[in-house]
Amino acid sequence: MSAATTRSRTPDRLCAEAVGLAREAAEEAAFPGVVGEHVSVVAEGDRVVTHYFECKEAGYRGWRWAVTVARASRAKFVTLNETVLLPGPDSLQAPEWVPWSERLRPGDMGPGDLLPTEAEDLRLEPGYTGEDAPPPNSVVSEELAERVDAEDAEVTDRVPLPARGTLSAVAEELGMRRARVLSRYGLHVAADRWDEEYGPKTPMAQAAPASCVTCAFLVPLSGSLKQAFGVCANEFGPADGHVVSLAYGCGGHSEAAVMPAPPRPAALVLDSTAADPFTLRPDPEGGSVPVESSGPEDLGHS
């Protein structure tokens with residue numbers, strides 16, 4: 001260890017004794033009553049010392065006022081270098097700043113939000129190439145952006161038609177309107193994400209009676225993704241409207257449990273469902289036997 005390093009760790013005596021000068025500088029930077037007790041002295045170098053004072057200001061718990069003083073070689077007067085408020089080891093600080101692209105999570109976007117993509121996004125690649133290829137897909141093209149500052153210019157949702165005979169016009173006729181398409185890397189990233197959420201390793205798929213590849217509710221995708229994924233169309237399934245792996249499965253499989261048709265009752269041989277009417281007294285106008293008088297019956301006695 002060199003002699004200079006040893007001297008730098010030992011506070012200079014005159015600088016270490018200049019506590020009053022350091023306090024006056026801290027109170028001038030803040031205001032009286034906020035600067036608390038003297039905490040410590042730290043040697044920053046040869047004849048350079050930093051005095052730390054407590055900060056009693058509300059909202060700055062654990063922060064310290066740091067006042068650095070110095071002394072020239074062979075000088076007897078201590079001068080002030082700087083005064084600053086610094087966080088201490090147990091101070092309350094704001095979390096470390098994270099770029100918005102790293103803070104964004106699925107489901108954070110709402111109506112009216114705009115999510116721009118980088119020009120060199122690995123998930124995308126040019127849909128077609130050429131000298132007159134349009135810029136990366138954005139809300140406002142470069143041509144419109146130059147006219148936005150005009151008084152009568154308005155940004156609309158309509159995209160200007162490409163000039164006739166240009167590469168973009170040919171791409172328009174062929175149905176290749178997208179300036180950028182999903183790259184192979186973007187396909188792999190999306191496939192890994194879908195397979196992790198609705199894949200064969202999920203608990204639902206492990207307990208399923210069959211996989212989605214044999215389910216009637218599976219709507220296959222187009223392109224290369226149809227070899228491994230589809231969209232679930234079972235409104236009662238846990239993945240309705242989501243992209244699922246062909247190896248995924250759930251209890252709502254169309255062929256896992258088929259309910260038999262309800263039995264139809266056989267035709268009635270004897271109609272016993274209707275009531276038969278019975279009269280309590282004979283009909284006086286009907287029948288072949290005359291109705292006798294309802295008077296007292298003659299039993300043949302005198």
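**Aromatic pairs, buried polar residues and strand pairing**

In the predicted model, W63 counts as buried because its relative accessibility is 18%, below the 20% limit for that class. A pair of aromatic rings is described by the distance of the centres and the angle of the planes. With centres required to lie within 6.5 Å, the count comes to 3 aromatic pairs. One of them joins Y60 and W63 in an edge-to-face arrangement, with 5.4 Å from centre to centre and 85 degrees between the planes. Y60 has a relative accessibility of 33% and therefore counts as partly exposed, whereas its partner W63 is buried at 18%.

W194 and F229 also form an edge-to-face pair, because their planes stand at 80 degrees, with the ring centres 5.7 Å apart; the angular threshold for this class is over 60 degrees. This pair links distant parts of the chain, since W194 belongs to helix α7 (residues 184-197) and F229 to strand β8 (residues 229-232), 35 residues apart. F229 is buried, with a relative accessible area of 6%, while W194, at 22% relative accessibility, counts as partly exposed. A further arrangement involves an aromatic ring and a charge: the charged end of R64 sits over the ring of Y52, at 4.3 Å from the ring centre.

Strand β8, which contains F229, pairs with two strands. Strand β7 (residues 218-220) runs antiparallel to β8 and is joined to it by 3 bridges; L218 has C232 in β8 as its bridge partner. Pairing between β8 and strand β9 (residues 243-245) is likewise antiparallel and extends over 3 bridges, with G230 standing opposite V244 in β9.

The segment after β9 contains S254. This serine counts as buried because its relative accessibility is 18%. Its side chain reaches the backbone nitrogen of A216 at a distance of 2.8 Å. When neighbours within four places in sequence are set aside, S254 is in contact with T214, C215, A216 and F217.

Another polar residue, T50, is located in strand β2 (residues 48-55). At 3% relative accessibility, T50 counts as buried. A polar contact of 3.0 Å connects the side chain of T50 with the side chain of E44. Excluding residues up to four places away in sequence, T50 touches S40, V41, V42, E44, A66, V67 and T68. E44 thus appears both as the polar partner of T50 and among the residues that T50 touches.

Cysteine residues were examined for sulfur pairs within 2.5 Å, and the count comes to 0 disulfides. Two cysteines may be described individually: C15 is buried, its relative accessibility being 0%, and C55 is also buried, at 11%.

For the chain as a whole, 8 helices and 9 strands are assigned. Of the 302 residues in the chain, 21% are buried. Among contacts with a separation of 6 or more, 52% involve residues 24 or more positions apart. The pair of W194 and F229, separated by 35 residues, provides an example of a link between distant parts of the chain.

Definitions and conventions: Residues are numbered from 1 along each chain as its sequence is written. This is a predicted model: local features need pLDDT of at least 70, side-chain atom pairs count only at pLDDT 80 or more; totals for chains, interfaces and linings use all residues. Side-chain values use heavy atoms; hydrogens and water are left out. Rings of Phe, Tyr and Trp (its six-membered ring) pair if their centres lie within 6.5 Å; planes under 30 degrees apart count as stacked, over 60 as edge-to-face and the rest as tilted. Buried means under 20% relative accessible area, exposed over 50%, partly exposed in between (1.4 Å probe, protein chains only). Helices (H or I, at least four residues) and strands (E, at least two) are DSSP runs, numbered from the N terminus. A charge sits over a ring if NZ of Lys or CZ of Arg is within 6 Å of the ring centre and within 35 degrees of the ring normal. A polar contact is a pair of N or O atoms within 3.5 Å; within protein, one must be able to donate a hydrogen and the other to accept it, and residues adjacent in sequence count only if both atoms are side-chain atoms. Contact means heavy atoms within 4.5 Å. Two strands pair if DSSP finds at least two bridges between them.
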